[in-house]
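This report describes how two helices pack against each other and how the nonpolar cores are composed.

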Amino acid sequence: MLNLVLFGPPGAGKGTQSEKLINKYNLVHISTGDIFRAHIKNQTELGKQVSQIIAEGNLVPDSITIAMLEEEIQKNPQAKGFIFDGFPRTVAQAEALDNFLASINSSISGVIALDVTEEELTQRIAKRQEISGRADDAADKLKKRIEEYFSKTIHVLPYYEKQGKLTKVNGIGEIETIFTELCAVIDSYKA
């Protein structure tokens, strides 16, 4: 099973590249953001909680995120693998994911970090905000999400680096060039 974690700050291109990787490698995409939005849209109990947390610009607690993630994995027993987008965001989440995958006789194949400067992120998200109008792309919330990434989430990378599973890919450039680099990295996991 091919299990990938695609890593990077808001606006790094995770969503764009995930779509391309899913099609090429026939993976199931698990985006915590998409899961949260689905729960919010369907007004589930979890969705109501998540809605308030996100509206305040905070990260959803691990317990809620992990429960929703496990549910998504279990919905896809025939999957050839998963691509985790926006998760894990903390070392505790990375450990929980490793433990859960081990319990189903699986593991993370590799972690790819899209390397993008803060300046580039700001420009990309400003464009995305114009097009999508996503609430979490509003300037004040975005600044908080980027700070959250660089103060907390980035600490997950050494966790995977110690396991020999981390590869950094330049996330600035043409979408196809970045995609080609990602595929080369992924193909090395399968070799």
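## Helix packing and nonpolar cores

The axes of helix 1 (residues 14–25) and helix 9 (residues 175–190) approach within 10 Å and cross at roughly 50 degrees. Helix 1 and helix 9 are therefore oblique to each other (angles under 35 degrees count as roughly parallel, over 145 as roughly antiparallel, 65 to 115 as roughly perpendicular and the rest as oblique). Helices are DSSP runs of H or I with at least four residues, and strands are runs of E with at least two.

This is a predicted model, in which local features need pLDDT of at least 70 and side-chain atom pairs count only at pLDDT 80 or more, while totals for chains, interfaces and linings use all residues. Residues are numbered from 1 along each chain as its sequence is written, and side-chain values use heavy atoms, with hydrogens and water left out.

The residues in contact (heavy atoms within 4.5 Å) are as follows.

| Helix | Contact residues |
|---|---|
| Helix 1 | Thr16, Gln17, Lys20, Leu21, Lys24, Tyr25 |
| Helix 9 | Ile175, Glu176, Ile178, Phe179, Leu182, Cys183, Ile186, Asp187, Lys190 |

The largest nonpolar core (buried Ala, Val, Leu, Ile, Met, Phe, Trp, Tyr and Cys residues joined through side-chain atoms within 4.5 Å; buried means under 20% relative accessible area, with a 1.4 Å probe and protein chains only) has 30 residues. Phe7, Phe84, Leu97, Ile108 and Tyr160 have the most contacts inside this core. Its largest share, 5 residues, comes from helix 4. Apart from this core lies another, of 21 residues, including Leu21, Val169, Phe179 and Leu182.

Notes: Axes are lines fitted to C-alpha atoms, for helices over the stretch in contact, and angles run from 0 to 180 degrees between N-to-C directions. Buried means under 20% relative accessible area, exposed over 50%, partly exposed in between (1.4 Å probe, protein chains only).
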